[in-house]
Amino acid sequence: MKTRLKEGQKVQGADIVCEMLVRHGISVIFGYPGGANIPIYDALYKYPKLHHVLVRHEQGAAHAAEGYAWATGRPGVCFTTSGPGATNLVTGLADAMLDSIPMVCITGQVPSPLIGSDAFQETDVLGVTLPVTKHNYLITKTEDIAPALHEAFYLATHGRPGPVLVDIAKDAQTNFAEFQSPKERDYLKNKIKHKATIEEVEKIAEFLNNAEKPLIVAGHGMLLSGDGKTLLAIAQKQDIPITLTQLGLSTIPSTHRLFMGMPGMHGNVAANRAPNRADVLLAVGMRFHDRVTGKVSTYAPQAKIIHIDIDPSEIGKNVKPTLGVVGDAKIVLQQILPKLKKLKRESWLVELKNWKNEEKEKVFDKELNSTKLKSAQVVAEISKQTEGLATIVADVGQNQMYAARYSTFRKYNTHFTSGGLGTMGFAVPAGMGAKFGDPKREVWIVVGDGGIQMTIQELATIVQENLEVKIALLNNNYLGMVRQWQELFYKGNYSAVSLKNPNFQKLCEGFGINSMKAENFKRAREAIKIARRTKGPFLIEFVVEAEENVFPMIPAGAGIDEMIVSRE
């Protein structure tokens, strides 16, 4: 992208903001203008190749930036004004922080003489966002804009990725300064360890070469490393079964013979039972989240645990490993691969295959062959018609679990969702951002009737931009996950979970988006076909069984061995 500013040229701070975006390869920005950032919007006129997407709520901007980053591997960028504009970003920042999504958020701030005076639309954005960002800045001088933004893009993408916020006072945007290109330097030099030591590599190889029942648990860090091939090469060389956490899904094809599913509260039977049978557990780019381990004291107590993560603070935070290795997942696995012997582990794989067959009989077959329309059927049919190549952007709740459990991921990096924070309302704007990031992707947003109403205004953005995203709305007229807990653990007391929903077809008509309604599987299959061949955005409302439950399930506070496979 062509730059405009020359070294030493005297320009306004707002021009420097736009110039720095161009120099960091940014072409799409999600944002909302206001009084404190209007100079930046005025400068956008000089940069026609910076495409600004006018969202309908700042939270939508943050989630859209997340989806863009997930699809591209580059930082998502969003603009907001001061005060409420900035505070509306907080949920998205927290979401990106927990899920390691690179973002650079640029907020306007009141003029520097007014900071601290409770001026109109003033908020201490640094104080508010400090716990939910990797780093943040308050810029009051025009000459500080370029170096701060340069550093922000570096920090967002190096080491463990995350969101960085740059809060710029309005007078810093309007004042003039000489533009100087920031000097290239390694801001995190000697603070990021990428490689394992020779001793660590030898020890890992020793553990795996001598194991009888090894298991790989890979998470989002493996996906972020950009390499599922080395992971698969290690597994294939030694017949090691692989499980992928929810955020790690699509790192390897889910059709591969060594893939045993997703561990966790609603994970697969084999993936949940294997850790407590394995003698060596290789954990890569995952943080032993409580939803994966269940009761920590009962998680894999018999196993030698190897934990590889680029963030040293994650080693031993939740589960104490036998060997903790700080390093980049891709690089460390590439170091390990040549040291491994070629081994077969048929009896171990048969044991896991039997667990997979048990789940198929008790859960999958019943869900997929139901005479009533089930969410599982809808997700599986989308996967079938798209041949497992579509990008699935899932919201939070039962719909999220159905999307993870019943989708077939044949293509790398095609499953996006809110993991650590569990943000309802994530999927619609994140799916929009994913499509902007990679227009060639076929994007399916899977969302519940509760979640869609949290960011439903972004349908207007999707229509305005004429984005070809498809939305599978799984409507059971309940807050389904909470209702399931109330049914199973609170004596069926359905408290504040019943939804009186709008007429979604009329709502879509108002937004100007094509839609259909499906109440049985035949109609559902037809609607998916029609949506896929219709140009532009399309929403299908699938009226699914009201009180369907996601199984298996590990009760809150229980160990993974206490998993409930099915209701029967």
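**Overall architecture and the setting of helix α11**

For a chain of 568 residues, a compact globule would be expected to have a radius of gyration near 24 Å, and the chain agrees with this expectation because its own value is 24 Å. The structure described here is a predicted model. Along the principal axes, the C-alpha trace spans about 70 × 65 × 40 Å. The secondary structure of the chain consists of 22 helices and 19 strands.

Burial was assessed across the 568 residues of the chain, of which 60% count as buried. Among contacts with a separation of 6 or more, 75% are made by residues 24 or more positions apart. The accessible surface of the chain amounts to about 22600 Å², and carbon and sulfur atoms contribute 51% of this area. With respect to charge, the chain carries 66 positive and 59 negative charges, and the mean positions of these two sets lie 6 Å apart.

Helix α11 was examined in further detail. This helix comprises residues 229-238, and its buried residues are Thr 230, Leu 231, Leu 232, Ile 234, Ala 235 and Gln 238. The cover over the buried residues of α11 includes three helices, namely α9 (198-209), α10 (220-224) and α14 (329-336), together with the strands β9 (214-218) and β10 (242-244). Asp 239 follows α11 and adopts a positive phi, near 55 degrees.

How values were computed
Residues numbered from 1 in each chain as written. Predicted model: local features only at pLDDT ≥ 70, side-chain atom pairs only at ≥ 80, totals over all residues. Heavy atoms only, no water. Helix = DSSP H or I, 4+ residues; strand = E, 2+ residues; numbered from the N terminus. Rg over C-alpha atoms; globule rule 2.2 N^0.38 Å. Buried < 20%, exposed > 50% of the residue type's maximum accessible area, 1.4 Å probe, protein only. Contact = heavy atoms within 4.5 Å. Areas by Shrake-Rupley, 256 points an atom, 1.4 Å probe, with all protein chains shown as cover. Lys, Arg positive; Asp, Glu negative; His and termini not counted. Charge placed at Lys NZ, Arg CZ, Asp CG, Glu CD.
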